[in-house]
Amino acid sequence: MEKIRVLDCTLRDGGYANNWEFGKECILDIKEAVEESGVEFIEMGLIQDIAYNPDRTIFDSPERVGGLLMKVTAMLYMVH
């Protein structure tokens with residue numbers, strides 16, 4: 001039997017409801033809760049050519065997202 005893999009998209013899809021303005025502490029809390037739950041993949045948000053704001057899950061580069069990741073993988077969409 002194949003292993004089921006789960007992708008959490010709270011920080012990306014949820015951003016459509018709050019303009020990706022979760023707040024830095026909430027972003028870190030969600031990331032930690034996803035890691036602790038055993039979910040293997042998390043979409044951290046979007047990458048756009050805009051000024052970075054640590055309270056939002058819109059990032060200015062893949063490297064910026066990588067700074068938040070420890071045990072999870074990010075699936076990001078490049079938005080132009």
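Is Phe59 buried or exposed? In this predicted model, Phe59 has a relative accessible area of 1%, which is under the 20% limit, and Phe59 is therefore buried. The surroundings of this residue, and the confidence attached to each part of the chain, are described below.

The chain contains 4 helices and 6 strands. Read from the N terminus, these elements follow the order β-α-α-α-β-β-β-α-β-β. Of the 80 residues in the chain, 34% are buried. Among contacts with a separation of 6 or more, 66% join residues that lie 24 or more positions apart. The accessible surface of the chain amounts to about 5,200 Å², and carbon and sulfur atoms account for 54% of this area.

Confidence varies along the chain. The mean pLDDT is 82, with 82% of the residues at 70 or more. Helix 2 (residues 15-18) has the highest mean pLDDT among the elements, at 94, whereas strand 5 (residues 73-74) has the lowest, at 44. Over residues 70-80 pLDDT stays under 50. For this segment the model nevertheless has 33 contacts beyond four places in sequence.

The largest nonpolar core consists of 10 residues, namely Leu11, Phe22, Ile27, Ile30, Val34, Val39, Ile42, Met44, Phe59 and Val65. Helix 3 (residues 24-37) gives the most to this core, with 3 residues. For Val34, one of the core members, the contacts outside its neighbours within four places in sequence are with Asp8, Val39 and Ile42. Val39 and Ile42 also belong to the core.

Thr57 is located in the loop that joins strand 3 (46-47) to strand 4 (58-59). Its relative accessibility is 0%, so Thr57 counts as buried. When residues up to four places away in sequence are not counted, Thr57 touches Leu11, Trp20, Phe22, Ile27, Met44, Gly45 and Leu46. Several of these partners are listed in the largest nonpolar core, including Leu11, Phe22, Ile27 and Met44.

The model holds 2 aromatic pairs. Tyr16 and Trp20 form an edge-to-face pair, with 4.8 Å between the ring centres and 65 degrees between the planes. The members of this pair differ in accessibility: Tyr16 is exposed because its relative accessible area is 57%, over the 50% limit, whereas Trp20 counts as buried at 10% relative accessibility. Tyr52 and Phe59 form a stacked pair, 6.0 Å centre to centre and with 25 degrees between the planes. In this pair Tyr52 is partly exposed, with a relative accessible area of 27%, while the value for Phe59 is 1%, so that Phe59 is buried. Phe59 thus takes part in the stacked pair and is also a member of the largest nonpolar core.

Trp20 is also noted for its backbone. Most residues other than glycine have a negative phi. Trp20, although not a glycine, has a positive phi of about 60 degrees. Asn19 is likewise not a glycine and has a positive phi of about 60 degrees. Asn19 is placed in the loop between helix 2 and helix 3, and Trp20 is placed in the loop between helix 2 and helix 3 as well. Asn19 is partly exposed, with a relative accessible area of 40%, whereas Trp20 is buried at 10%. Trp20 is also one of the residues touched by Thr57.

Phe41 lies in strand 2 (residues 41-42). Its relative accessible area is 29%, and Phe41 is therefore partly exposed. Phe41 and Val6 are separated by 35 residues in sequence, but their C-alpha atoms are 6.5 Å apart in space. Ile42, which is within the residue range of strand 2, is a member of the largest nonpolar core.

No disulfides are present in the structure, the number being 0. A disulfide is a covalent bond between the sulfur atoms of two cysteines. Cys9 counts as partly exposed because its relative accessibility is 25%. Cys26 also counts as partly exposed, at 32% relative accessibility.

Methods:
Residues are numbered from 1 along each chain as its sequence is written. This is a predicted model: local features need pLDDT of at least 70, side-chain atom pairs count only at pLDDT 80 or more; totals for chains, interfaces and linings use all residues. Side-chain values use heavy atoms; hydrogens and water are left out. Helices (H or I, at least four residues) and strands (E, at least two) are DSSP runs, numbered from the N terminus. Buried means under 20% relative accessible area, exposed over 50%, partly exposed in between (1.4 Å probe, protein chains only). Contact means heavy atoms within 4.5 Å. Accessible areas come from the Shrake-Rupley method with a 1.4 Å probe; for residues, only the protein chains shown count as cover. A disulfide is a pair of cysteine sulfur atoms within 2.5 Å. Rings of Phe, Tyr and Trp (its six-membered ring) pair if their centres lie within 6.5 Å; planes under 30 degrees apart count as stacked, over 60 as edge-to-face and the rest as tilted. pLDDT is the predictor's confidence in each residue, from 0 to 100. A nonpolar core is a set of buried Ala, Val, Leu, Ile, Met, Phe, Trp, Tyr and Cys residues joined through side-chain atoms within 4.5 Å.
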